[in-house]
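Subject: Structure for you to look at

Hello,

Here is the structure I said I would pass on. Please open it first, then read the notes below with it in view.

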Amino acid sequence: MFESLLNLNSWFLFFTLYLLIGFILSKDVYGFLPKLMSSIGWPIEFTQKLFGTKSLPYLFLFPNILIFGLFTFLPLFMNFGFSVTDGTSINFVSRDFSGLDNLARITQEVQIDTGGINVENDKFNAAMYDTFVFVILQVPIMILIALFTAIVLNREIIGRGFWRAVFFYPVMLSPVVVAFLWTLILKRQGMLSQTLIDWNWISEPIQWLMDPSWTMFWSIFVYTWAHMGFYMLILLAGLQSIPRDLYEAAQMDGTSERRVFWRITLPLLMPILLVVTVLSLIKAVQAFEELYALQVGWVSLVSYIVENAGIRGQKTFFGLGIAAMASLIVASILIILSLLQFYLTRRQVKL
Amino acid sequence: MKKSILLASFLAVSSLSVNAAEIKFVCYQDSNECDVLQQMSSIWEDSTGNSVNFEVVGYDVVRDQLENQLEAGSAPDVARVTNLGGLNQYYLDLTPYVDSAAWEKNYGATLPWYRKPSGDNGIYGWQTQLTVTGPYVNVTMFEDAGVDMPEEGATWDDWADALRVVKSELGLTAGLAMDRTAHRWAGPAFSYGAKFHENGVPILVDQGFRDFAETFVGWHAEGLMPAEGWPAGAGTAYKNAAPLFLDGTVAMHMSGSWMLNNYDTNITDFEWKVVPIPCGTGGCGAMPGGSGIVAFNSSKHPEVAASFIDFMSQAGKAGYFAANTRNITAHQGLQKAGIDYPGVSQRVSAGLSTFAANAGKAAESTPQAYWFQGYNKNFAIYGIVPDYITKAITGEMSLDDALTAIDADVAAKIAE
């Protein structure tokens with residue numbers, strides 16, 4: 001069976017033919033080992049002869065550029081195309097050019113097609129506002145906890161490796177698994193409500209994920225729980241890169257722990273802290289999977305885009321264009337944050 | 001002579017193999033529909049030499065991905081769909097391949113659901129089954145609570161009163177659950193007097209719609225309806241409330257005839273039954289609907305696809321399908337003659353009769369239900385209503401603002 005699958009005879013024949021071509025092409029090479037190496041690597045040498053050494057790197061980059069172009073740049077241009085056209089189709093031939101109408105549909109008070117109230121504007125603003133609240137609260141909270149955890153786990157504590165693994169473990173979980181686990185705890189008949197009822201802290205079970213008073217809190221909590229380990233690890237690496245002699249010198253001078261933290265640890269960790277902040281800001285703006293799977297009671301910017309794009313249910317005539325325009329606005333925010341990260345990284349290298 | 005026979009046989013076999021085609025059928029099933037269709041298709045395969053490649057998928061695939069496949073040109077030849085009018089532009093018109101008069105006679109009532117809004121007489125799909133919305137009731141809970149079930153003709157308010165008592169007597173989380181879609185919501189809204197359209201133009205928010213919206217929000221506020229139902233979904237997302245009925249969270253589930261087989265198979269620890277659709281000042285509203293099998297105009301084998309659908313839609317096969325999937329047939333001849341459902345339990349048999357009666361009541365007292373089912377942008381409305389009503393339930397918006405937003409959003413979504 002395996003022989004038929006691999007077809008060993010054919011492979012052997014092809015390999016012999018391959019070596020034979022290599023042997024012929026490397027006729028100017030002398031010595032057994034160099035000739036053998038040239039015979040094996042003849043396609044590279046042949047390509048180099050054909051295109052010259054300067055073009056060779058581009059040739060190697062070509063497959064990657066092709067894939068990157070197809071799956072990153074092409075959708076980017078298509079998205080721009082969708083944002084300035086209307087129609088249910090994803091085929092540009094069937095879509096009508098509409099200019100900046102979709103921008104008007106998500107930003108103006110009056111609906112440009114009906115002349116009535118524009119609810120799309122309200123939905124987009126609500127998604128922007130809620131995402132802003134989520135980002136503004138989630139990022140500092142997560143960084144503070146990640147920093148605190150990293151500092152604790154950088155100390156000589158019992159079972160340090162184990163604790164590091166425990167805090168990093170949620171990062172390895174799929175967002176859907178994270179959502180499933182927390183839904184079991186946070187649903188109305190879940191563990192949290194039942195426990196609090198048993199303790200007489202609450203009289204009625206609470207739907208923690210949907211209750212308007214609690215949905216943002218638990219969104220931030222679960223998202224922080226799921227992602228904190230990654231940033232903790234980066235900060236831990238940053239802490240370990242601080243020269244030990246600085247701490248030893250401070251110890252010899254009798255400097256207090258608090259002063260050591262404010263005067264040595266934090267300043268030297270600041271470049272990494274800044275990069276971590278920008279990275280987590282970008283990630284928080286893009287928050288979707290966990291929130292979607294948790295079915296939280298608010299709509300994030302990315303959820304708004306998914307909702308409008310017609311990925312679920314019947315497509316609407318303006319939906320895809322509105323989603324594309326909204327995604328361009330999100331992209332603008334992310335570009336600004338990415339440029340900030342780029343600037344900070346360069347500054348860090350210079351330092 | 002022998003040589004001639006051999007040659008003739010060879011030519012016959014070759015011509016069969018040249019003409020034989022394989023069609024791809026994307027089929028979703030609520031229960032066993034695709035399995036039954038597969039059994040039936042083998043007869044067609046044997047008689048024509050063609051074959052059907054069944055791809056059984058989840059409902060989400062048909063609902064969310066099929067249209068993209070159609071646009072991208074990677075559509076199957078045939079599919080089982082529920083968005084009957086919404087995908088019209090992709091349908092293959094079967095008229096040139098079938099006996100139009102027979103189709104009009106047998107399926108005349110449902111053929112318009114597949115057509116363009118006006119001036120279209122094409123034949124596009126075989127309505128495999130009629131579905132009707134209606135409530136399932138946990139009989140055991142009513143008995144345990146010592147509550148008499150409201151009789152036929154009772155209003156939604158009567159049922160709400162009865163469910164409140166069941167809920168309080170048994171300490172239930174809630175009394176009534178409804179799938180999160182305007183498809184289920186529409187029936188009760190019709191009963192409260194909602195018209196949904198005026199001369200074919202959707203006008204959702206009238207007094208009847210407002211009355212039911214107020215009642216519905218109130219049912220959530222008092223806990224008669226569970227927080228795990230409508231409030232547990234964000235945006236236009238659909239949410240099936242069946243798990244809440246299955247696990248005993250509620251005593252009533254506003255669902256539809258498609259759940260009969262599922263409940264018959266999966267509910268083993270309590271008695272349940274289908275009850276007549278509750279009524280109101282506007283009539284006894286239930287939403288008709290169902291799924292159908294269509295062929296797409298991108299098919300490379302239109303004749304074969306049409307032949308397959310035509311074969312399956314004939315009385316004998318349609319009857320077999322309805323009987324073995326415990327569904328209400330859309331074949332008008334079979335509706336008159338009646339379907340014999342072999343081996344079905346008493347409750348399924350009674351349920352089918354009740355649902356069929358619900359469809360009849362809706363046709364008489366709330367004809368707008370049939371308009372809404374045939375409206376080609378109804379799927380957009382199915383999502384818009386829960387989006388805003390949920391906000392009114394959770395207190396994010398006042399009910400007045402939510403109703404104003406529903407009107408505005410529907411107007412914007414259907415403006416082209």
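The domain assignment splits chain B into domain 1 (22-130 + 289-337) and domain 2 (133-288 + 357-414). Each of these domains is made of two stretches of the chain. Please keep in mind that this is a predicted model.

How far apart are the centres of the two domains of chain B? Taken over C-alpha atoms, the separation is 29 Å. Across the boundary, 16 residues of domain 1 of chain B are in contact with 14 residues of domain 2 of chain B. On the side of domain 1 that touches domain 2, there are 5 nonpolar, 9 polar and 2 charged residues.

Chain A also has two assigned domains: domain 1 (2-78) and domain 2 (119-308). Their C-alpha centres are 47 Å apart.

Next, a strand in chain B. Is strand 4 of chain B (residues 125-138) mostly covered or mostly open? Strand 4 is mostly covered, with 14 of its 14 residues buried. You can trace its pairings in the viewer:

- Strand 10 (residues 288-295) of chain B runs antiparallel to strand 4, and 7 bridges join the two. In this pairing, B:G125 stands opposite B:V294.
- Strand 8 (residues 252-256) of chain B is also antiparallel to strand 4, joined to it by 5 bridges. Here B:T133 has B:G256 as its bridge partner.
- Strand 9 (residues 272-274) of chain B pairs with strand 4 in the antiparallel sense over 3 bridges. The bridge partner of B:Y136 in strand 9 is B:V274.

One residue to find by hand is B:F216, which sits in helix 8 (residues 207-221) of chain B. Why does B:F216 count as buried? B:F216 is buried because 23 other C-beta atoms lie within 10 Å, and the cut-off for buried is 20 or more. As a distance to check, the C-alpha atoms of B:F216 and B:A356 are separated by 26 Å, and the two residues are 140 residues apart along the chain.

Last, the contact between the chains. Chain A gives 27 residues to the contact and chain B gives 31 residues. On the side of chain A that touches chain B, the elements that give two or more residues are helix 7 (119-153) and helix 15 (301-308) of chain A. By class, that side of chain A has 9 nonpolar, 12 polar and 6 charged residues.

Regards

Key:
Residues are numbered from 1 along each chain as its sequence is written. Chains are lettered from A and ligands numbered from 1 in the order in which they are written. This is a predicted model: local features need pLDDT of at least 70, side-chain atom pairs count only at pLDDT 80 or more; totals for chains, interfaces and linings use all residues. Domain bounds come from an automatic or database domain assignment. Helices (H or I, at least four residues) and strands (E, at least two) are DSSP runs, numbered from the N terminus. A residue is buried if 20 or more other C-beta atoms lie within 10 Å of its own, exposed if 12 or fewer, and partly exposed in between; C-beta atoms are placed from the backbone. Two residues are in contact if their C-beta atoms, placed from the backbone, lie within 7 Å. Ala, Val, Leu, Ile, Met, Phe, Trp, Tyr, Cys and Pro count as nonpolar, Asp, Glu, Lys and Arg as charged, and the others, Gly among them, as polar. Two strands pair if DSSP finds at least two bridges between them.
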